[in-house]
Amino acid sequence: MVEKEKVIATEAAIELIEKLKEQHGPLMFHQSGGCCDGSSPMCYPRGEFRIGNSDVQLGFIGDTPFYMSRDQYEYWKHTQLIIDVVDGRGGMFSLEGPEGKRFLTRSRVF
């Protein structure tokens with residue numbers, strides 16, 4: 001049985017990630033747990049969000065690592081996250097905000 005990737009991205013999301021990398025350098029994602037910005041994928045310059053023992057790396061979108069808290073992962077572990085991008089304002093701390101776009105998580109149950 002082939003293991004499915006835990007996180008993938010649409011072509012539109014990859015294009016926006018590449019644009020943000022040109023502006024900010026290497027990036028990282030952390031799936032927000034729902035406090036200030038709802039439950040959304042947050043994009044940061046790599047190393048500016050502190051990853052700890054309570055976080056799980058789900059994989060990479062392109063060459064960009066994607067993390068989620070271990071507790072939240074317990075709810076999502078039977079799904080594949082699909083990172084997409086839509087028009088609108090997203091998380092106030094996420095890098096895509098000034099672009100008039102926001103990253104969005106869709107999911108597929110395994």
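Reader: Which residues are linked in a network of salt bridges?
Author: In this predicted model, where residues are numbered from 1 along each chain as its sequence is written, local features need pLDDT (the predictor's confidence in each residue, from 0 to 100) of at least 70, side-chain atom pairs count only at pLDDT 80 or more, and totals for chains, interfaces and linings use all residues. Side-chain values rest on heavy atoms, with hydrogens and water left out. A salt bridge here is a side-chain nitrogen of Lys or Arg within 4 Å of a carboxyl oxygen of Asp or Glu, and Lys-21 forms one with Glu-18 and another with Asp-63. The network therefore consists of Glu-18, Lys-21 and Asp-63.

Reader: How many residues apart are Lys-21 and Glu-18 in helix α1?
Author: The closest N and O atoms of Lys-21 and Glu-18 are 3.1 Å apart. Helices (H or I, at least four residues) and strands (E, at least two) are DSSP runs, numbered from the N terminus. Both residues lie in helix α1, where about one helical turn separates them, and their spacing along the chain is three residues.

Reader: How far apart in sequence are Lys-21 and Asp-63?
Author: The closest N and O atoms of Lys-21 and Asp-63 are 2.7 Å apart. Although they meet in a salt bridge, they belong to distant parts of the chain, since Lys-21 is in helix α1 while Asp-63 is in the loop between β4 and β5, and the separation is 42 residues.

Reader: Is Lys-21 buried or exposed?
Author: Buried means under 20% relative accessible area, exposed means over 50%, and partly exposed lies in between, using a 1.4 Å probe and protein chains only. Its two partners are partly exposed, Glu-18 at 37% and Asp-63 at 45%. Lys-21 has a relative accessibility of 19%, so it counts as buried.

Reader: Which strand holds Lys-101, whose partner is Asp-87?
Author: Lys-101 forms a salt bridge with Asp-87, the closest N and O atoms being 2.6 Å apart. Lys-101 is partly exposed at 31%, whereas Asp-87 is exposed at 61%. Asp-87 lies in strand β6 (residues 79–87), so the pair ties together parts that are 14 residues apart in sequence, and the strand of Lys-101 (residues 101–109) is β7.

Reader: In what order do the four strands of the open sheet lie?
Author: Two strands pair if DSSP finds at least two bridges between them, and the pairing in this sheet is mixed. The edge strands, each pairing on one side only, are β3 (41–45) and β4 (55–61). The twist averages 25 degrees from one strand to the next, and the order is β3-β2-β5-β4.

Reader: Which residue in β3 is the bridge partner of Met-28?
Author: Strand β2 (residues 27–31) runs antiparallel to β3, and five bridges join them. Five of the five residues of β3 are buried, so this strand is largely enclosed by the rest of the structure. The partner of Met-28 is Tyr-44.

Reader: What angle does the direction of helix α1 make with that of β2?
Author: Helix α1 (residues 11–24) packs on the sheet and touches β2, β3, β4 and β5 (64–69), where contact means heavy atoms within 4.5 Å. Axes are lines fitted to C-alpha atoms, for helices over the stretch in contact, and angles run from 0 to 180 degrees between N-to-C directions. Taken this way, the angle is about 125 degrees.

Reader: Are the planes of Phe-29 and Phe-66 stacked or edge-to-face?
Author: Rings of Phe, Tyr and Trp (its six-membered ring) pair if their centres lie within 6.5 Å, and planes under 30 degrees apart count as stacked, over 60 as edge-to-face and the rest as tilted. The search of the whole structure finds three aromatic pairs. The rings of Phe-29 and Phe-66 have their centres 5.8 Å apart and their planes at 25 degrees, so this pair is stacked.

Reader: How many residues apart in sequence are the parts that Phe-29 and Phe-66 tie together?
Author: Both Phe-29 and Phe-66 are buried, and ring pairs link them with Phe-103 into a cluster. Because Phe-29 lies in strand β2 and Phe-66 in strand β5, the distance between these parts in sequence is 37 residues.
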